[in-house]
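Visitor: Please take me through one part of this model in close detail. I would like the packing around a single helix, contact by contact.

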Amino acid sequence: MGRTEDPTATAAPNGSHPTGPGRARPGPHPQVVAADRDINGTVGALLHTLLAERLSEACATDPVSGRDIAERIARFTSLGGRRLRPALLWWALRACTLPDGDRARAALRVGAAVELLQTCALVHDDVMDSSRLRRGRPALHVSLADQYGEAGTHLFAGAAAVLAGDLALAWAEDTLAETELPDPVRRRVRAVWRVMRGEMVAGQYLDLHGQVTADRSALLALRTARLKSAQYSASRPLELGAVLAGADPALTRRLAEAGAPAGLAFQLRDDLLGVFGDPAHTGKPAGDDIREGKPTLLVALAHARATARGRLADVAVLEAALGDPALTPTGLDAVREVLESTGARAAVEERIDKMAGRALARLDALPLDPVAGERLRGLLRLAAGTTPEPGRAPHHPDREAGHADTARPH
């Protein structure tokens with residue numbers, strides 16, 4: 001992918017470039033130029049317009065719920081995290097073809113719909129995990145509880161936040177439904193969308209199930225990570241981009257397969273940040289995953305290694321801390337020591353590097369536009385935490401807890 005070719009050359013759906021000597025190369029549509037220059041900002045501008053319309057409708061329906069719920073959802077989505085999914089979707093599209101204006105607009109709308117789905121996931125995730133912070137600010141349910149003081153009970157705030165997440169999901173579905181697409185492409189997009197939503201819910205449930213059953217197996221941890229984040233964070237957005245480009249099924253499948261290990265690396269990095277991360281970078285307190293007893297590979301490996309080596313004191317530290325909402329900083333430090341001394345942290349770091357390398361190797365084997373392919377390479381490396389975002393230290397991508405984001409608007 002190191003060749004320097006004109007990134008605006010028309011690409012066939014299978015990634016080849018039919019334009020050659022003597023054939024005029026059409027210039028890209030202005031919307032394509034804008035998205036290529038700043039996909040995050042372009043999606044952000046579209047969201048601003050869409051959310052203004054949705055918010056107006058919600059406030060006309062009822063000013064109280066409009067103020068308390070719809071405004072919070074619009075603000076949360078507009079501020080955004082690091083919009084990984086729309087960026088992956090866009091550059092997968094561009095790696096397969098040079099879209100015309102209609103196809104570019106459709107792709108941007110689908111990217112906006114994915115962002116709204118992400119809002120739903122994060123708001124619900126914070127309620128289920130009793131998280132107090134999101135992106136360095138009070139989580140939506142915490143904000144609602146604070147607004148109503150003593151009347152804003154935990155039950156009220158959590159239920160209201162569930163409704164807010166449902167509203168974000170409705171807006172996502174409306175945005176996708178109102179996107180103009182040719183019938184064959186529409187059917188393929190809806191098929192990927194259905195699978196993505198199902199995987200997201202199944203992964204989140206496995207996360208909860210692992211907490212209530214205290215299942216410490218590495219098998220559960222990996223399956224949860226794949227469903228909860230790996231597919232949703234990388235594979236499906238790449239697949240959506242290829243489908244929107246009209247790519248053939250083989251290339252579409254291989255692009256999705258390239259995203260899978262990067263998405264898994266993303267979740268494993270997120271698990272590390274959940275214990276060892278700096279809250280100034282992650283926007284969330286460290287140790288929440290331990291306090292909630294989440295079934296992560298990091299904990300599964302530490303527990304298995306300590307048990308196999310007869311390190312009963314280490315097993316006791318883990319068992320006492322996992323699922324303890326009152327875990328103190330001293331107790332968290334003891335857990336960190338076990339995660340380090342058993343080699344679990346190093347093993348997860350090694351797996352992250354392997355997964356990132358596997359993702360890039362799969363991507364490099366595909367017949368993609370070289371310039372767009374390089375952009376995808378950078379996004380996959382950033383998602384896996386193997387390269388720093390400008391202005392950040394390595395391995396400190398914004399933590400979005402299970403349903404993660406990447407690529408902050410400029």
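**Helix H5 and its partners**

Guide: The protein chain holds 17 helices and two strands. The model is predicted. Of the 410 residues in the protein chain, 55% are buried. Contacts are mostly long-range: among those with a separation of 6 or more, 77% join residues 24 or more positions apart.

Now to H5. Helix H5 spans residues 101–129. Three of its packing partners are described here, H1, H3 and H9.

Start with H1, residues 30–37. The axes of H1 and H5 are 8 Å apart, and the packing angle is about 40°. An angle of 65 to 115 degrees would count as roughly perpendicular, and one under 35 degrees as roughly parallel. H1 and H5 fall in neither range and are therefore oblique to each other. The crossing of H1 over H5 is left-handed. On the H1 side, the contact residues are Gln31, Val32 and Ala35. On the H5 side, they are Ala104, Arg105 and Leu108. By class, this contact of H1 with H5 has four nonpolar residues, one polar and one charged.

Next comes H3, residues 63–79. H3 packs on H5 at about 115°, with the axes 10 Å apart. That angle makes H3 roughly perpendicular to H5. Here the crossing is right-handed. Ile73, Phe76 and Thr77 of H3 make the contact with Leu116, Thr119, Leu122 and Val123 of H5. Five of these residues are nonpolar, two are polar and none is charged.

The third partner is H9, residues 218–245. The axes of H5 and H9 come within 10 Å and cross at roughly 165°. Angles over 145 degrees count as roughly antiparallel, and H5 and H9 are therefore roughly antiparallel to each other. H5 passes H9 in a right-handed crossing. H5 brings Arg103, Ala107, Val110, Val114, Leu117, Gln118, Ala121 and Asp125 to the contact. H9 answers with Lys228, Tyr232, Leu240, Leu244 and Ala245. The class count for H5 with H9 is nine nonpolar, one polar and three charged.

One charged residue there deserves a second look. Lys228 sits in helix H9 and meets H5. The cut-off for buried is under 20% relative accessible area. Lys228 has 4%, so Lys228 is buried. Lys228 also lies 7.4 Å from Val201, C-alpha to C-alpha, although 27 residues separate the two in sequence.

Now the wider setting. In soluble globular proteins, nonpolar side chains tend to be buried together. The largest nonpolar core here has 79 residues. Trp90, Leu244, Leu255, Leu368 and Leu376 touch the most other members of that core. H5 gives the most to this core, with 14 residues. Leu244 links the two views: Leu244 is in the contact of H9 with H5, and also in the list of best-connected core members. A second, separate core has 30 residues, including Leu297, Leu298, Leu327 and Val338.

One last residue, for comparison with Lys228. Asp288 lies in helix H12, residues 288–292. Its relative accessible area is 14%, so Asp288 is buried. Setting aside neighbours within four places in sequence, Asp288 is in contact with Ser131 and Gly274.

How values were computed. Residues are numbered from 1 along each chain as its sequence is written. This is a predicted model: local features need pLDDT of at least 70, side-chain atom pairs count only at pLDDT 80 or more; totals for chains, interfaces and linings use all residues. Side-chain values use heavy atoms; hydrogens and water are left out. Axes are lines fitted to C-alpha atoms, for helices over the stretch in contact, and angles run from 0 to 180 degrees between N-to-C directions. Helices (H or I, at least four residues) and strands (E, at least two) are DSSP runs, numbered from the N terminus. A crossing is left-handed if the near helix is turned anticlockwise from the far one by less than a right angle, and right-handed if clockwise. Contact means heavy atoms within 4.5 Å. Ala, Val, Leu, Ile, Met, Phe, Trp, Tyr, Cys and Pro count as nonpolar, Asp, Glu, Lys and Arg as charged, and the others, Gly among them, as polar. A nonpolar core is a set of buried Ala, Val, Leu, Ile, Met, Phe, Trp, Tyr and Cys residues joined through side-chain atoms within 4.5 Å. Buried means under 20% relative accessible area, exposed over 50%, partly exposed in between (1.4 Å probe, protein chains only).
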